Amino acid sequence: MKKIEAIIRPEAFQALREGLTSNGFNGLTVSEAAGCGKQKGKQGLFRGNTYEIALSPRVRVEMIVEDSETEEIIDLICEYCSTGNVGDGKIFISDIRDVIRIRSKERGKQAFI
Ligand SMILES: Nc1ncnc2c1ncn2[C@@H]1O[C@H](COP(=O)(O)OP(=O)(O)OP(=O)(O)O)[C@@H](O)[C@H]1O
Ligand SMILES: [Mg+2]
């Protein structure tokens with residue numbers, strides 16, 4: 001199992017959600033986030049002085065999936081969340097050791113299908 005953690009533009013979320021659902025991927029966790037990447041935030045200009053707008057609003061989407069589903073979901077995220085401009089976001093993939101459905105104590109793959 002893998003955790004897919006995508007940091008995306010907030011305005012891309014609705015379309016991504018619909019794309020995931022129509023491809024049969026339902027389980028996810030979403031949270032509001034703020035961050036910066038390589039550009040370290042944007043530079044603002046106020047009365048002749050530059051200042052740092054340090055953090056941009058982003059949405060964090062987390063999904064626990066089977067190994068075999070990972071590449072398809074990465075492709076969907078890139079399809080729905082790419083504008084081609086800087087700031088489109090990042091996807092982080094990590095290994096998940098176990099999943100437990102609280103109601104039934106089912107574990108592993110059984111816990112998220
Ligand atoms: N190394 C990182 N660790 C954690 N979060 C990150 C990292 N890089 C980017 N992020 C998150 O992703 C968001 C979008 O990053 P962004 O797309 O600007 O990355 P980038 O590396 O600067 O790529 P680009 O050059 O395309 O802008 C950031 O606001 C931040 O929340
Ligand atoms: Mg950037």
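Start by selecting Arg-58, which sits in strand S5. This is a predicted model, so treat every distance on this tour as computed from it. With a relative accessibility of 16%, Arg-58 counts as buried, because the cut-off for buried is under 20%. Show whatever it touches, skipping residues up to four places away in sequence, and you get Ile-7, Ile-8, Arg-9, Pro-10, Ser-31, Glu-32, Ala-33, Ala-34 and Gly-87.

Two of those partners deserve a click. Put a C-alpha to C-alpha distance on Arg-58 and Ala-33: they are 25 residues apart in sequence and 5.0 Å apart in space. Then turn to Gly-87, whose backbone oxygen lies 3.1 Å from a polar atom in the Arg-58 side chain.

**Next stop: ligand 1**

Keep Gly-87 selected, since it is also among the residues that come nearest to ligand 1. There are 13 residues around this ligand, and the nearest are Lys-38, Gln-39, Gly-87, Gly-89 and Lys-90. Now look for the ligand's oxygen atoms. One oxygen atom is 2.6 Å from a polar backbone atom of Lys-38. At Lys-90 the partner is in the side chain, where an N or O atom is 2.7 Å from an oxygen of the ligand. Asp-88 joins in through its backbone, with a polar atom 3.4 Å from a ligand oxygen. How much of ligand 1 does the protein bury? Taken alone, the ligand exposes 610 Å², and the protein buries 70% of that.

**On to helix H1**

Select residues 13–22 to bring up H1, then colour its buried residues: Phe-13, Leu-16, Gly-19 and Leu-20. Look down the helix axis and you'll see that these residues fall within an arc of 125°, so they line one face of H1. An α-helix has 3.6 residues a turn, so residues three or four places apart point the same way.

What do the buried residues of H1 pack against? Add strand S1 (2–8), strand S2 (29–35), strand S5 (56–65) and helix H2 (70–81) to your selection, and you have the partners. S5 is the strand you began with, home of Arg-58. Before moving on, click Gly-24, which follows H1 and has a positive phi, near 90°.

**Into helix H2**

Your next pick is Thr-70, found in helix H2. Is Thr-70 buried or exposed? Its relative accessible area is 6%, so Thr-70 is buried. Follow its side chain to the backbone oxygen of Glu-66, which it reaches at 3.4 Å. Leave aside the neighbours within four places in sequence, and the contacts of Thr-70 are Lys-2, Ile-4, Val-65 and Ile-93. For a longer view, draw a C-alpha to C-alpha line from Thr-70 to Gly-37: the two are 33 residues apart in sequence and 23 Å apart in space.

**Out to Lys-105**

Scroll along to the segment after strand S6 (89–95) and select Lys-105 there. At 68% relative accessibility, Lys-105 counts as exposed, because the cut-off for exposed is over 50%. Check its backbone too: phi is near 65°, a positive value in a residue other than glycine. Most residues other than glycine have a negative phi.

**Zoom out**

Clear the selection and switch to cartoon view. You should be able to trace two helices and six strands, running β-α-β-β-β-β-α-β from the N terminus on. Turn the C-alpha trace along its principal axes and it spans about 60 × 25 × 20 Å. The radius of gyration is 17 Å, whereas a compact globule of 113 residues would have one near 13 Å.

Now try colouring by burial. Buried residues make up 29% of the 113 in the protein. The accessible surface comes to about 7800 Å², with 50% of it belonging to carbon and sulfur atoms. To finish, display contacts between residues at least 6 apart in sequence: 70% of these join residues at least 24 apart. The Arg-58 and Ala-33 pair from the first stop, 25 residues apart in sequence, is a handy place to go back to.

Note on methods:
Residues are numbered from 1 along each chain as its sequence is written. Chains are lettered from A and ligands numbered from 1 in the order in which they are written. This is a predicted model: local features need pLDDT of at least 70, side-chain atom pairs count only at pLDDT 80 or more; totals for chains, interfaces and linings use all residues. Side-chain values use heavy atoms; hydrogens and water are left out. Buried means under 20% relative accessible area, exposed over 50%, partly exposed in between (1.4 Å probe, protein chains only). Helices (H or I, at least four residues) and strands (E, at least two) are DSSP runs, numbered from the N terminus. The arc is that of the directions from the helix axis to the C-beta atoms. Contact means heavy atoms within 4.5 Å. A polar contact is a pair of N or O atoms within 3.5 Å; within protein, one must be able to donate a hydrogen and the other to accept it, and residues adjacent in sequence count only if both atoms are side-chain atoms. A residue is near a molecule or strand if one of its heavy atoms lies within 4 Å of it. Accessible areas come from the Shrake-Rupley method with a 1.4 Å probe; for residues, only the protein chains shown count as cover. The radius of gyration is taken over C-alpha atoms; the globule rule is 2.2 Å times the number of residues to the power 0.38.
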